[in-house]
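Q: I'm new to reading protein models, and I'd like to learn how to go through one feature by feature. Can we do that together?

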Amino acid sequence: LVTGGAGFVGSHLVDALVARGDRVRILDNLDPQVHGPERRGPSWLSGDAELVVGDVRDRDVWDRVLKGVDTVYHLAAAVGVGQSMYQIADYTATNTLGTAYLLQTLVDREMELKRLVVASSMSIYGEGRYVREDGGEPSATRRSADRLKAHDWEMRDPDGAPLRPVPTDEDKPLDPTSIYALTKADQEKMVLQIGEAYGIPSVALRFFNIYGPRQSLSNPYTGVAAIFSSRLLNGESALIFEDGEQKRDFVSVYDIVRALLLAGEEPGAVGQALNVGSGSPVTVTEVASTLARVLGVDVAPQVTGRYRVGDIRNCFADISRARDAMGYEPQVTFEEGMRDLVAWLQEQDKPEDGAERHAAELAARGLTL
Ligand code: UD1
């Protein structure tokens with residue numbers, strides 16, 4: 001069973017499972033925000049998988065979809081960080097309560113799964129890991145509104161000492177700064193706790209910034225690589241927030257699928273929450289320049305100096321635990337991955353510009369810039 005199997009990550013996973021000969025069932029509600037008002041499945045939905053259109057918030061649907069299943073990849077979720085700050089009940093119901101219904105059904109039916117894998121997120125860390133140059137333990141966890149207003153973008157300790165970002169490992173204390181992040185932390189903990197208590201071999205994967213073909217373009221809550229490439233294709237500049245030097249870990253959806261398959265099989269992964277990224281930091285400016293190069297366009301990015309409330313400055317993955325536990329090794333370089341994203345984008349119809357709507361929603365609620 002792949003929940004969210006019609007979505008960006010889920011549909012690639014379904015393809016990989018079908019290709020290796022598994023029988024696959026999909027549970028997906030074909031959310032109009034992702035799939036359009038007619039809620040038609042995407043053209044790339046696998047014809048070799050069984051599709052059940054249903055909602056994770058419907059307790060009864062779980063009985064039906066879990067019948068005969070030995071492995072569950074729970075990827076269905078509401079995924080907009082900004083949107084979660086005004087659709088609080090919806091996000092909590094879909095992500096937290098939906099996972100509770102899955103676990104309740106497994107326990108009530110005394111189901112013996114071979115594996116349960118849940119999608120978690122780097123967002124649960126808040127800021128990534130930092131060190132002080134003097135070797136001390138940093139105490140700051142966020143940037144103050146005053147410093148941001150003064151365009152002082154870097155993380156600093158309260159005494160003003162600059163902090164240097166280093167790869168974030170799984171022991172970094174969690175600091176979820178949105179309802180979305182809170183629900184991801186919930187999902188991960190619920191699955192690992194119930195898994196341990198009932199002997200259901202369970203794994204949580206903390207995905208970093210995923211990009212690639214089939215990434216939703218109409219969903220306004222999509223990531224920066226999709227936003228920048230759509231703009232560049234329309235002859236518009238990439239709009240860079242802050243100064244562009246903020247770092248993230250961009251990981252190709254194909255490496256994410258590799259990690260999901262390993263998490264579904266490898267004994268060493270059981271009981272763990274593992275980072276899945278590329279392991280290499282990339283700045284937002286580098287995203288814009290790589291995309292412009294790959295597209296062969298000469299549109300300079302605009303560094304706006306504006307910022308998004310709640311944005312973190314840096315977070316990139318230390319992937320050594322996933323490497324040790326399940327042999328995860330990312331294979332797609334950033335440049336190759338961006339080429340792949342762009343090649344796919346060029347074949348798509350121009351989407352409605354959801355980003356404008358998103359910005360308006362957030363602004364109306366005092367949640368932006
Ligand atoms: C957030 C979530 C992550 C989620 C992802 C995609 C956190 C910490 N992480 O990541 O879980 O998977 O959204 O929904 O909340 N930027 C620009 N110009 C733009 C858009 C973005 O400069 O037009 C910058 C942002 O300010 C940020 C960086 O690009 O510094 C990355 O933004 P984004 O792709 O939205 O992802 P995150 O905020 O890292």
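Q: Let's start with one residue. Where is the place of Glu 110?
A: Sure, and keep in mind that this model is predicted. Glu 110 sits in the loop between helix 4 and strand 5 (115–121).

Q: Is Glu 110 buried or exposed?
A: To decide, you look at relative accessibility and ask whether it is over 50%. Glu 110 has 67%, so it counts as exposed.

Q: What is the phi of Glu 110 like?
A: Phi is a backbone angle, and its sign is worth a look. For Glu 110 phi is positive, about 50°, although the residue is not a glycine. Leu 30 is another residue other than glycine with a positive phi, in its case near 45°.

Q: Where does Leu 30 lie, and is Leu 30 buried or exposed?
A: Leu 30 is in a loop too, the one between strand 2 (25–28) and helix 2 (32–35). Its relative accessible area is 5%, so Leu 30 is buried.

Q: Let's zoom out. How many helices and strands does the chain have?
A: Count them along the chain and you get 12 helices and 15 strands.

Q: How do I read the overall dimensions, and what radius of gyration does the chain have?
A: You can set the radius of gyration beside the value for a compact globule with that number of residues. For 369 residues that value would be near 21 Å, and the chain has 20 Å, so the two agree. You can also follow the C-alpha trace along its principal axes, where the chain spans about 55 × 50 × 40 Å.

Q: What share of the residues in the chain is buried, and what share of the contacts is between residues 24 or more positions apart?
A: Buried residues make up 53% of the 369. As for contacts, take those with a separation of 6 or more: residues 24 or more positions apart account for 83% of them.

Q: Now for helices that pack together. What describes two packed helices?
A: You use two things: the angle between their axes and the distance between the axes. Try helix 4 (residues 88–108) and helix 6 (residues 179–198): their axes come within 9 Å and cross at roughly 10°. Angles under 35 degrees count as roughly parallel, so helix 4 is roughly parallel to helix 6.

Q: Which residues make the contact between helix 4 and helix 6?
A: Among them are Asn 95, Thr 99, Leu 103 and Val 107 of helix 4, along with Gln 187 and Ile 194 of helix 6. Sorted by class, the residues of this contact give 11 nonpolar, 6 polar and 1 charged.

Q: Gln 187 is in helix 6. Is Gln 187 buried or exposed?
A: Gln 187 has a relative accessible area of 0%, so this residue is buried. Setting aside neighbours within four places in sequence, Gln 187 is in contact with His 74, Ala 76, Asn 95, Thr 99, Val 118 and Ala 119.

Q: What about Ile 194, which is also placed in helix 6?
A: Ile 194 has 25% relative accessibility, so it counts as partly exposed. Not counting residues up to four places away in sequence, Ile 194 touches Leu 103 and Val 107.

Q: How far apart are Ile 194 and Leu 103 in sequence and in space?
A: They are 91 residues apart in sequence, and their C-alpha atoms are 7.2 Å apart. Now try Gln 187 and Pro 138: this pair is 49 residues apart in sequence and 29 Å apart in space, C-alpha to C-alpha.

Q: At what angle do helix 7 and helix 9 cross?
A: The axes of helix 7 (residues 224–233) and helix 9 (residues 284–295) cross at roughly 40° and come within 10 Å. The two helices are therefore oblique to each other. The crossing is right-handed. The residues of the contact divide into 10 nonpolar, 1 polar and no charged.

Q: And at what angle do helix 9 and helix 11 pack?
A: Helix 9 and helix 11 (residues 334–345) pack at about 60°, with axes 10 Å apart. This pair is therefore oblique, and helix 9 passes helix 11 in a right-handed crossing. By class, this contact has 7 nonpolar, 1 polar and 4 charged residues.

Technical notes
Residues numbered from 1 in each chain as written. Predicted model: local features only at pLDDT ≥ 70, side-chain atom pairs only at ≥ 80, totals over all residues. Heavy atoms only, no water. Axes fitted to C-alpha atoms, helices over the stretch in contact; angles between N-to-C directions. Helix = DSSP H or I, 4+ residues; strand = E, 2+ residues; numbered from the N terminus. Parallel < 35°, antiparallel > 145°, perpendicular 65-115°, else oblique. Left-handed = near helix turned anticlockwise from the far one by under 90°. Nonpolar A, V, L, I, M, F, W, Y, C, P; charged D, E, K, R; others polar. Rg over C-alpha atoms; globule rule 2.2 N^0.38 Å. Buried < 20%, exposed > 50% of the residue type's maximum accessible area, 1.4 Å probe, protein only. Contact = heavy atoms within 4.5 Å.
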